[in-house]
Amino acid sequence: MELYLAVLFMAGLVAMDTTSGPQMLVSEPLVSCTLFGLLFGRPELGVMTGVLFQMLSIGYMPLGGEHFTDNNMAACISCASLLAAQRMFGLSGAEESAALTVMLVYGVAVGVVGLHLKNYERRLNGIRAGNIMRRLKHGDPVTVGSVHRAGISASFVKGALMAAVLVPAGTVLCRLILFLPLPLVNGMSTASHLVWGSVAASGVVFYLAKGRSVVILLGSLGGIAWIVFTKL
Amino acid sequence: MDSVHETVNKPGFGTFFRIFLRSFFLQGSWSQTHRQNLGFAYCMEPVGKILWTDPVQYARFLKRHTDYYNGNPFMSTLVLGAVVRMEETLRHGSGVTEDDIRRFKKVAGPATGSVGDGMFWSALRPFALVLGLLCAVSYGIYGAVVFLATFNIPACILRWYWLRAGYRHGHNVITELKNRRIRIGVRIMDLFGGVLIGLLAVLYLAQVENGIAAVYLWSAILFILSFTLLRRRYPLYLVFPASVGIAVVAGMVM
């Protein structure tokens, strides 16, 4: 129960930090998933999930006006679901990797849900701001601070509520892996390594769009040289 | 008597520190219609309470700061500092009007948006992330620490520096946006970020336990496929699940 409450609290913080504040980027998948990993006593699994989600979302910019899929909440909820499932059902090595693959896709769906909730939250903020401006126009006393803090709190509550519903759902999804035929589980397990190709493409495309093809190539060649030298 | 009056109305270190802390929550009530208007007014509140003790004047102060405002959250301290100076000048009746403040906010907000977004979201964040990811692949949880330190230390220092610079220069602070060092810094971060992402893309696979040739081959195929689709602007939420599907099938036949 304490763990569940800690997950809700951290999800609230992630939702808040994404745009409302303090935007110290503790909401980024690399950080939030690492923290979840530590919380559940499986830091290496948290880091691995974080690295995959982070690489996927490296190019997105959390600009106020941007309508972005909520990648931070996606990573946070998927990682928490995976770790909770691992803890509750004791998934073995291949099952755990297969669950990671499932959670990567689940994360994409959570991100789309997060996008719609974010838009709704912003509409509410617009209504609150409109009310304040109307009251100021009529000369009524207003307290900007409390209205603004209500907006920040709404972000926190949104994140906690998303986690309250979507983490148990994700955990159940991971549980279903135990009922799948072994070849499929093994395939999904291997897929958790193969998807790196797709994940890396997302990061590379971002830097390529900035016209950095030569330096990317240099870095890749450096990586290949490193592998060759260390294997020799 | 006059000097006592001026001392009372001057925002001190405490006021600036409160503005600095509040600036972290500038986007707290972000809305499509008014953007960061409430956030800006929230940041300015400590100054308003010092400068405008008369309730009518204070209401006018709030009214001009709940106007539409949109800027980069990190760089907005530059605008906040300058507006504090302008409010102070307005309070002492030394040549700044309410309309001047409104106009300045309207111009300075978008200007910080374009420079600040390019600096923080497009250069510093990805650079810090790639550095953090590289560390995470090799040293686990320390990757998150490296990322947070690389991003937040310069971001916090610059927030404070810009707040003070804004206050020092008033509405002339807009020249700070043309600072050559910002452009050089962005370029360096972009270049190093590019090198590190290339390195990371290759090195991660070297970490795969029992890495076999087929893993590298299929990863390369998925890389090329995803790369091509993403370059053609297919959305990630379609490309990624599709490539996971292919990866599962490939995993089963391997």
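What is the mean pLDDT of chain A, and what percentage of its residues reach 70 or more? Select chain A and colour by pLDDT, the predictor's confidence in each residue, from 0 to 100: the mean is 91, and 97% of the residues reach 70 or more. This is a predicted model, in which local features need pLDDT of at least 70 and side-chain atom pairs count only at pLDDT 80 or more, while totals for chains, interfaces and linings use all residues. Residues are numbered from 1 along each chain as its sequence is written, and chains are lettered from A in the order in which they are written.

Within chain A, pick H9(A), where confidence is lowest at a mean of 86, and then H2(A), where it is highest at 96; helices are DSSP runs of H or I with at least four residues, strands are runs of E with at least two, and both are numbered from the N terminus.

Next, select the interface, where 83 residues of chain A are in contact with 82 residues of chain B, contact being C-beta atoms, placed from the backbone, that lie within 7 Å. On the side of chain A that touches chain B, H5(A) gives the most, with 14 residues.

Now move to chain B, which has 10 helices and 0 strands. Its C-alpha atoms fill a box of roughly 85 × 35 × 30 Å along the principal axes. Finally, select 2-207 as domain 1 and 211-254 as domain 2 of chain B, bounds that come from an automatic or database domain assignment; the C-alpha centres of these two domains lie 40 Å apart.

Terms used. Two residues are in contact if their C-beta atoms, placed from the backbone, lie within 7 Å.
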